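Please look over the model below before reading my comments. They are brief and keep to a few features.

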Amino acid sequence: MVASIALALLSGCNRAEAPPAPEPRPVRVITIAKEQGGETVTLTGTVQAQTEVNLGFRIDGRMIERPVNVGDTVKPGQVLARLDPENERNALRAAQAAVLAASGQFDEASNNYDRQRQLLAGGWTTRVRYDQALQARNTTQAQLDSAQAQLSIAQDRLSYTDLAADAPGTVTARGAEPGEVVRAGQMIVQIARKEGRDAVFDVPPQVKDQAPADPVVEVALTMDPEATATGRVRELSPRADPATGTFQVRVGLTDPPPQMRLGATVTGRMRLDRGSEVAVPASALTGSEGQPAVWVVDASNMTVALRPIEIARFDQARVLVSRGIEPGDVVITAGVQALRPGQKVRLLGAPS
């Protein structure tokens with residue numbers, strides 16, 4: 001009987017014992033440190049002329065010749081295209097004939113006026129005849145001036161049948177072929193002027209927003225990295241491309257090497273201003289209620305807490321966090337799937 005009571009007491013004591021505390025879960029961590037100087041972003045673009053002009057005829061007509069083609073180098077005054085000049089030549093002949101007729105009428109009216117002026121001075125004619133002669137001379141003078149103006153217009157129109165380059169450059173596009181009837185102002189050839197070169201890039205919005213105020217861009221030929229130049233942003237498109245969502249940026253190149261020809265593919269490098277962003281490995285990222293989050297270790301009691309974050313951008317290796325964690329925080333980078341809030345952890349590599 002005494003033995004049975006002792007066994008019951010012993011079994012009751014065993015049931016009252018607390019279960020052993022779970023072992024701290026081993027995890028890998030990093031201590032967040034703010035990177036200095038930002039990061040270098042690399043983009044691919046092309047070399048284009050700083051100034052491209054569309055050249056066209058000032059008058060309508062049928063184009064009979066275009067002696068240049070895409071890629072040709074042109075000089076100032078070089079003829080790029082010609083219109084059929086026959087109609088303008090006929091108009092010029094008509095204007096020249098009108099000037100001759102008006103000039104003859106003016107000479108006759110001037111001689112008659114001179115006679116009437118002399119006769120009036122001697123009292124041999126009337127004032128009415130003199131006034132009529134003066135009026136006739138003034139009228140024929142106006143007709144002669146008009147005919148000469150029409151002649152000048154006809155000469156200009158004949159000169160407009162030749163389309164000439166106004167500056168040195170390279171033909172980058174053509175808009176009409178010989179035999180076509182073209183209208184005034186229609187683009188016949190596009191000329192990239194020689195005086196400057198741009199490196200043109202399509203920049204994502206996050207890179208545009210984090211670029212410094214006046215960045216220096218290092219540009220190198222993709223096929224020949226030894227051919228380099230530097231430049232500064234000369235023009236930034238205010239609107240994103242509707243298809244790609246990127247912004248076109250034109251970087252004016254300073255003393256580009258001869259290898260950087262129009263159309264060459266180049267690589268541009270620029271340092272970004274990171275601001276308050278910090279970087280964590282992509283393996284540290286988890287989620288909380290549909291939002292990105294990371295596990296942060298409380299160093300005072302070695303427990304973990306789930307902290308929501310705001311992501312600025314990311315790639316395959318890391319995540320740039322703009323809000324949620326600060327330099328000095330200890331973030332778990334491995335073992336995030338099996339954690340729970342308040343759980344104790346042991347840092348791998350730290351003494352037990």
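The points below take up confidence, one helix and one pocket.

1. This is a predicted model, in which local features need pLDDT of at least 70 and side-chain atom pairs count only at pLDDT 80 or more, while totals for chains, interfaces and linings use all residues. Residues are numbered from 1 along each chain as its sequence is written, and side-chain values use heavy atoms, with hydrogens and water left out.

2. The mean pLDDT (the predictor's confidence in each residue, from 0 to 100) is 85 for the protein, and 89% of its residues reach 70 or more. Among the elements (DSSP runs: helices are H or I, at least four residues; strands are E, at least two; numbered from the N terminus), strand β6 (residues 79-83) has the highest mean, 97, and helix α1 (residues 2-16) the lowest, 51. Where pLDDT is low, the predicted coordinates should not be read in detail.

3. How far apart are the end C-alpha atoms of helix α2 (residues 86-122)? They are 55 Å apart, which agrees with the 54 Å that its 37 residues should span at 1.5 Å a residue (1.5 Å times one less than the number of residues). Just after α2, G123 takes a positive phi of about 80°.

4. The largest pocket is lined by 19 residues, and A211, P215, V233, V249 and M270 lie nearest its centre. Elements giving two or more residues to this lining include β2 (40-49), α4 (205-210) and β13 (228-236).

Terms used:
1 Å grid on protein atoms, 1.4 Å probe; cavity = no way out; pocket = protein on both sides within 12 Å on 5 of 7 lines; lining within 4 Å.
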